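Me: I've got a model open and I'd like to learn how to read it feature by feature. Can you walk me through a few?

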Amino acid sequence: GTYTSLSGREIHIPAYMMAAYVAGVASSLPIGSAVTNKYLSLVSLDQSFSGDELDQLDENGVIAIEDVVNRNTSGGFRIVEDVTTYNSTNEPVKNLISLQELTDFLFDDLRIYLEENFIGTPVHQVTGSLISSFVEAFLQKRVKSGLLADYNHSSIQATISGNQAYVSFECAPARELRQIVVEGVYTNFTSSTSSATGNGVNPDTTSVAGILDQNTQTTHYIGD
């Protein structure tokens with residue numbers, strides 16, 4: 001691709017430098033934020049891909065950049081998807097850079113939090129309920145910070161067996177919105193004849209029906 005330097009010169013950069021550019025964008029975002037739909041300051045791309053080609057690249061874990069065209073006018077250049085090379089629908093966490101990062105930070109922070117509060121404590125001074133309350137407090141903070149969208153209070157479980165504690169819970173990560181489905185329904189426009197009477201100033205007026213065709217429905221997909 002090509003970009004304009006601070007001095008005003010157009011400079012061509014190879015693919016590996018473009019990859020570094022995308023990595024720089026990713027590192028500038030908050031934890032768990034996706035590079036999807038993020039625009040890049042480019043002048044041109046070395047190669048433009050069709051929609052089918054972009055889908056194929058996405059399915060194979062390749063982050064692509066597309067030239068956005070709106071009504072025959074260039075709308076800039078943006079990153080298409082936040083994918084990884086793991087490429088397995090059975091592991092959604094590993095398929096998205098943002099969700100993998102979010103998972104790493106969430107569980108690493110939880111590990112540190114539980115270690116600091118419980119590791120080394122005699123087991124008779126610790127209960128499953130106590131650990132569960134600490135886990136819930138941790139999840140509440142992550143919801144407030146925006147890392148999580150929500151969590152299931154009733155799913156938090158903590159049991160102690162011997163010198164080990166087992167913790168489980170369900171939560172909803174603050175994932176990226178990847179697709180918008182827009183559905184519109186056309187309806188018939190109708191109007192009726194009306195007559196003006198009384199002072200003779202306004203003559204009779206007649207209006208006719210508008211759309212007479214049968215109702216139609218259209219669906220548009222934005223994103224994937």
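**Reading the model, feature by feature**

Reply: Let's start with one residue: Glu176 is buried, with a relative accessible area of 16%. Keep in mind as we go that this is a predicted model.

Me: Why does Glu176 count as buried?

Reply: Because the cut-off for buried is under 20% relative accessible area, and Glu176 comes out at 16%.

Me: Okay, and where does Glu176 sit in the chain?

Reply: Look in the loop between S7 and strand S8, which covers 179–185.

Me: What does the side chain of Glu176 make a polar contact with?

Reply: Its partner is the side chain of Thr36, at 2.8 Å. If you skip the neighbours within four places in sequence, Glu176 is in contact with Ala34, Thr36, Glu81, Asp82, Leu96 and Ser98.

Me: Now strands. How do S6 and S7 pair?

Reply: Strand S6 (residues 148–161) and strand S7 (residues 164–173) run antiparallel, paired over 9 bridges. To get the register, pick out residues that face each other: Leu148 is opposite Pro173 in S7, and Tyr151 is opposite Cys171 in S7.

Me: What about the turn of that hairpin?

Reply: There are 2 residues between the strands, and Gly162 there has a positive phi near 65 degrees.

Me: And how do I read a sheet? What is the strand order in the open sheet of 3 strands?

Reply: Write the strands down side by side: here you get S3-S5-S4, with antiparallel pairing. The edges are strand S3 (39–40) and strand S4 (65–70), each of which pairs on one side only.

Me: Over how many bridges do S4 and S5 pair?

Reply: S4 pairs with strand S5 (residues 73–79) over 6 bridges, in the antiparallel sense. For a register check there, Asp67 sits opposite Phe77 in S5.

Me: Last topic: pockets. What's the general idea?

Reply: If you roll a probe the size of a water molecule over the atoms, you see where empty space is left. In this model, the second largest pocket has a volume of about 380 Å³. Its lining has 16 residues, and the closest to its centre are Ala15, Met18, Phe49, Ile63 and Ile65.

Me: Which helix gives the most to that lining, and what classes of residue make up the lining?

Reply: Helix H1 (residues 15–28) gives the most, with 4 residues. By class, the lining of this second largest pocket has 13 nonpolar, 2 polar and 1 charged residues.

Methods:
Residues numbered from 1 in each chain as written. Predicted model: local features only at pLDDT ≥ 70, side-chain atom pairs only at ≥ 80, totals over all residues. Heavy atoms only, no water. 1 Å grid on protein atoms, 1.4 Å probe; cavity = no way out; pocket = protein on both sides within 12 Å on 5 of 7 lines; lining within 4 Å. Points joined across faces, edges and corners; volume = space filled by probe spheres on them. Nonpolar A, V, L, I, M, F, W, Y, C, P; charged D, E, K, R; others polar. Pairing = 2+ DSSP bridges. Buried < 20%, exposed > 50% of the residue type's maximum accessible area, 1.4 Å probe, protein only. Polar contact = N/O pair within 3.5 Å; in protein donor to acceptor, adjacent residues only side chain to side chain. Contact = heavy atoms within 4.5 Å.
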